[in-house]
Structure formats: C-alpha cells, structure tokens
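Here is a short tour to read with the structure open beside you. We start with the overall layout and then move to the details.

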Amino acid sequence: MKAIGVDLGGTHVMAAVVEDDGSIHSKHEIDVEDRSFPSVLKLLETAIGGALSDAASNVVGIGIGSPGNIDATTGAVRNSPNFGPSWNGAPLGEKLHERFGIPVFVGNDARCATLGEYVYGVGRGTRDFVLITLGTGIGGGIVADGNLVLGSAMGAGEVGHHQIRPKDGFVCSCGKIGCFEAQASGTGLIRHAMALAPSFPRSTLLAGAPQDLGSKRIRKAAQAGEMHGLAAWRNYCDDLALGVANIVAFLNPEIIALGGGVSKAEEFLLDAVRPRVDELVTMAPRGSSRIAIAQFENDAGALGAATMAMNGGLATKPEPVAVR
Ligand SMILES: [Zn+2]
C-alpha cells in the first residue's frame, strides 16, 4: 500500500510517494510565488501528477497537509491567514478529487507533521506526545492516549496561540500580544535580538539591513558565544520554556518534540530549555515529560499527510472524512 503525501507550505509545495513502512521517495517540489488559491492549486496538480506517475499503481489516496483550519468532511480550507482571503472556503479536496479521481484527504499541516513524527519518528511507541515546530510561526499537535487530538472543529493543538506574555510581549500574527508563537518561534528569536539591540550597539548582528537578520544567524552567533546573540538566545529559551512547561502542566506527555529551524541547535537548545522547564513544572514528576529534538527535518508533513490517506483520516481511529 502507498499514498501520495503532500506538504503545502508558504514558500513551496512538495508531493511524494510514501510507502506504508514510512519510506518516502519520488519527491516533486515546486516553489510558491503567488499564494492565491487558483495559482497554488495548479502547482499542486503538477506536483501530485508527477508523484502519481512515479508511483504507477496501488495508490490508495492523496493526503494534503495544508495551512489553516480545515473542514475534514469536505476537504475545504475554512480559512488560512498565511495564504490570504482567496483561501476562505477554498474547495481544495473537491478540486483535487475531480482532477485525479482517487480519495483525497485534507488536514492541517501541523497536525499532519505531528502524525508523521508520531507514527514514524521520535514519538513512535509513546501514548502521549506533543510536537512543536519552531519555524516562522509555531505549529503543533497533540497525541493523547494514542489519538491525534482534533477538537470539535479541528482547532485543537494550536499551541502557538496560547499567551505567555500578554502584558509585555510581542504582537502575534493572530493579533494577540505575547502568544507562544510571537515569543518562541524563529521569528520570536529575531524579535528578542531586535529588542536587545540598544544594549549592543556594536553587535555584528546589527550590521546589514534589519530584514536580512534571520533566526539562523542569531542562533549561530549565540553558539559562537557572541554577547548579543547569547542574550537574545537566553531570553528566547526562557520564553520557550514557559510555553513548554504549560504544555507539561496540561498534558504531561511522554515526549515533547521540538522541530523546525531553531531545533537545529539540538543539544545547545535542549541544554538551555530543559533546566528552565524543570524549574517551572510544579505538579508533574520531574523528567516525566522528556524534551527531545524531532526526527524529520522536512518530511514529517508529507509523511503524516500520506498516513492520513492510508488510515482514512487524521484520527488514529478511522472516520469517514474522504472526499470521494
Ligand atoms: Zn497568536
């Protein structure tokens, strides 16, 4: 058995053939320049068409991990703030089903990535698992008692939008102040560095245009012991620990996996965050929620999307959600 797994991101789409043992091949990637629904739909058709012809036969369906809130019964995108208003109510599943004639499943991209990490990655074998991806924003997902938690309207697991600094935090893309995402995403790391800029007027991080300052440069500066980078890194890790400790208080999962660009710091990140989380966790036994680095760098979303197609839905217990 195999399925096509698709990761639909803000900058590129990737469709791949995924076997039921989790192996992934025949990746077809295309950059996204125009984020309007009709334009992205064309890119998806091209990428999926390529993967389908590589797969040849035995494809049970197509799984799409899409940003935004998804109506799983129709495969429509209810809204996707990152992709804009042309996606409000966009019939993504229906259009792709019309085009390819096989079952199409659509789920939120972060939930799909969580399923991928849970079934094939660092969450494998656990019952309670949380994935947090530290990228441009914070995506996430919760597995409780072996089931991906979806919520009453597919809105569960949006851990990026719980507020950790509602009074003195940065403004979030959702409009609130001090969301976990505003403070502890890759973008949050840049904001911590910018907030500290007056204290480090000669910092090398401030050479060049402000828009060229990325989270990777700040992370590298911190790892090299550069003062401005280190100060930003400490403030960042404090905020990341606040959010992670809240997740421990609510869920006490066996593993909280950190993915996304910032997680490439690996031990440097874990060594800073674990002791702070230990200080902040008051009720769950110390160390009972292990913080780890996610296994898949970029493939978790497509793996999870294909798993959704093979399982007949995002829920571990199958439910009738295909657009047939
Ligand atoms: Zn928010």
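Please keep in mind that this is a predicted model. In the model, 7 residues of domain 1 are in contact with 5 residues of domain 2. The side of domain 1 that touches domain 2 is made up of 4 nonpolar residues, 2 polar ones and 1 charged one.

**The two domains**

- The domain assignment splits the chain into domain 1, covering 2–109 + 299–311, and domain 2, covering 122–293.
- Measuring from centre to centre over C-alpha atoms, domain 1 and domain 2 are 27 Å apart.

**The largest nonpolar core**

- This core holds 95 residues, and the ones touching the most other members are Ile 4, Val 6 and Val 244.
- Helix α7 (residues 227–251) is the top contributor to the core, giving 10 residues.
- The core lies between domain 1 and domain 2, because both of them give residues to it.
- If you click on Val 6 and leave aside its neighbours within four places in sequence, you will find contacts with Val 13, Met 14, Ala 15, Leu 44, Ala 47 and Ile 48, and also with Ile 62, Gly 63, Ile 64, Gly 65, Ala 302 and Ala 305.

**Where α3 meets α9**

- The axes of helix α3 (residues 109–120) and helix α9 (residues 300–311) come within 6 Å and cross at roughly 85°.
- With that crossing angle, α3 is roughly perpendicular to α9.
- On the α3 side, the residues taking part are Asp 109, Cys 112, Ala 113, Thr 114, Leu 115, Gly 116, Glu 117, Val 119 and Tyr 120.
- On the α9 side, their partners are Ala 300, Gly 301, Leu 303, Gly 304, Ala 305, Thr 307 and Met 308.
- Sorted by type, the residues of this contact are 9 nonpolar, 5 polar and 2 charged.
- Ala 305 of α9 takes part in this meeting with α3, and Ala 305 is also one of the contacts of Val 6.

**An enclosed helix, α5**

- Helix α5 (residues 186–195) is largely enclosed by the rest of the structure, because 7 of its 10 residues are buried.
- The buried residues of α5 are Gly 186, Thr 187, Gly 188, Leu 189, Ile 190, His 192 and Ala 193.
- Their cover includes strand β8 (129–134) and the helices α4 (180–184), α6 (215–223) and α7.
- So α7 helps to cover α5, and α7 is also the helix that gives the most to the nonpolar core.

**Loop residues worth a look**

- Asn 58 sits in the loop between α1 (37–55) and β4 (59–66), and its phi is near 60°, a positive value in a residue other than glycine.
- Asn 58 counts as exposed because it has 10 C-beta neighbours inside 10 Å, where the cut-off for exposed is 12 or fewer.
- Asp 145 is in the loop between β9 (138–144) and β10 (147–148), and its phi, near 55°, is positive too.
- Asp 145 is exposed, with 8 other C-beta atoms within 10 Å.
- Ala 156 belongs to the loop between β10 and α4, and with 17 C-beta neighbours inside 10 Å it counts as partly exposed.
- Ala 156 and Ile 142 are 14 residues apart in sequence, and their C-alpha atoms are 7.8 Å apart in space.
- Besides Ile 142, the contacts of Ala 156 beyond four places in sequence are Val 149, Leu 150 and Gly 151.

Key:
Residues numbered from 1 in each chain as written. Predicted model: local features only at pLDDT ≥ 70, side-chain atom pairs only at ≥ 80, totals over all residues. Axes fitted to C-alpha atoms, helices over the stretch in contact; angles between N-to-C directions. Helix = DSSP H or I, 4+ residues; strand = E, 2+ residues; numbered from the N terminus. Parallel < 35°, antiparallel > 145°, perpendicular 65-115°, else oblique. Contact = placed C-beta atoms within 7 Å. Nonpolar A, V, L, I, M, F, W, Y, C, P; charged D, E, K, R; others polar. Domains from an automatic or database assignment. Core = buried A, V, L, I, M, F, W, Y, C linked by C-beta atoms within 7 Å. Buried ≥ 20, exposed ≤ 12 C-beta atoms within 10 Å, placed from the backbone.
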